[in-house]
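Please read the sequence alongside the coordinates, and follow the account below from charge to overall form and then to the interior.

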Amino acid sequence: MVYLVLADVHGNLPALEAVLAAAARFDEIWCLGDLVGYGAEPDECVELLRQYRHVAVAGNHDWAALGRLDLDDFNPIARISAVWTGKRLTPATRAYLEALPLQLVVGPYTIVHGSVRHPLWEYIDSAAAAWDNMQGQSTPFCLVGHTHVPAVYTEQSEKRTREFLVQGGSVSFALGQGRAVLNPGSVGQPRDGDWRAAFALLDTEKATWTVHRVEYPVEQAQERILRAGLPAQNAFRLAFGR
Ligand code: ZN
C-alpha cells in the first residue's frame, strides 16, 4: 500500500490541491492534524479531504477552532485565527473535527499530531525529543506533524537517535528494523525556509518514506487570507516558508 501522509494543512486549499495532484497515485491518505487554522478555507480543505479514503487525527489548531483549548495558550495571531475559524466552520466540518481521535495505530505505525506523550502540544524538533518519544511508542514507527518541518529520526543506539532534516526535492529513506519518528512537513504553512508544500509517501511494501515538495499558487492563498480579514502575517509568511 502507498499512503499519502499529510500534516498541517491549515486551511490552505491551493496547497492541498497541488499536493493531491502531485502525489497522484496512493491508496489512502493519513492526515496528522491541524487541518484548519491560519488559512482562509478550512471547510473547503476538510470537504476535499473527505472525498478520499483517509484516516486523520486532531491537532491543536483543530481543537482551538472547536473551542476545546484555552486560547490564552496561543500567540495573538494564532488566537485571532482560531476565533475566525471557529465562527466560520460549517456544522458538518465541526462534527467531523469533533470526532477526530488524538492518536491512531495502524499496524506498525502510530499516527499523532505532536507526540505520543503530548499528542496536541509537544514539538519533536530534536533527536533528544524524538528519543523520549520513542520510549513511549507502542509501535516501531511514529508519524508526527506540528513542527511544520520535514524530518526523520531513527534509532541509533540504546541512548541515541539520528536526525535527518529533509531539505530540497524528493528525498527517500529506507525504513529499517529500529524505531523511527517521521515528519512529512507542512502542506499549508511550511516553516523550514522553503515555501513549497510538503508531503510524504509511505510505501509499506517497499518500506520507504519519501518526502516531496511541490510548488502551488501561493499568491492565491495569500489573497484569500487577506480578503477574509485574517491577520496579514498569515499571508506574508507563506512566501518565505516561515
Ligand atoms: Zn500546525
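The protein carries 21 positive and 27 negative side chains, and the centres of the two sets lie 1 Å apart; Lys and Arg count as positive and Asp and Glu as negative, with His and the chain ends not counted, and each charge is placed at NZ of Lys, CZ of Arg, CG of Asp or CD of Glu. This is a predicted model, in which local features need pLDDT of at least 70 and side-chain atom pairs count only at pLDDT 80 or more, whereas totals for chains, interfaces and linings use all residues. Residues are numbered from 1 along each chain as its sequence is written, and side-chain values use heavy atoms, with hydrogens and water left out.

Eight helices and 12 strands are present in the protein, these being DSSP runs (H or I, at least four residues, for helices; E, at least two, for strands) numbered from the N terminus. The C-alpha trace spans about 50 × 35 × 30 Å along its principal axes. Of the 242 residues, 56% are buried, meaning under 20% relative accessible area with a 1.4 Å probe and protein chains only.

Turning to the interior, the largest nonpolar core has 49 residues, among which Leu4, Leu35 and Leu97 touch the most other members; such a core is a set of buried Ala, Val, Leu, Ile, Met, Phe, Trp, Tyr and Cys residues joined through side-chain atoms within 4.5 Å. Helix α1 (residues 13-23) gives the most to this core, with seven residues. A second, separate core of 20 residues includes Trp30, Leu143, Leu182 and Ala200.

Notes
Buried < 20%, exposed > 50% of the residue type's maximum accessible area, 1.4 Å probe, protein only.
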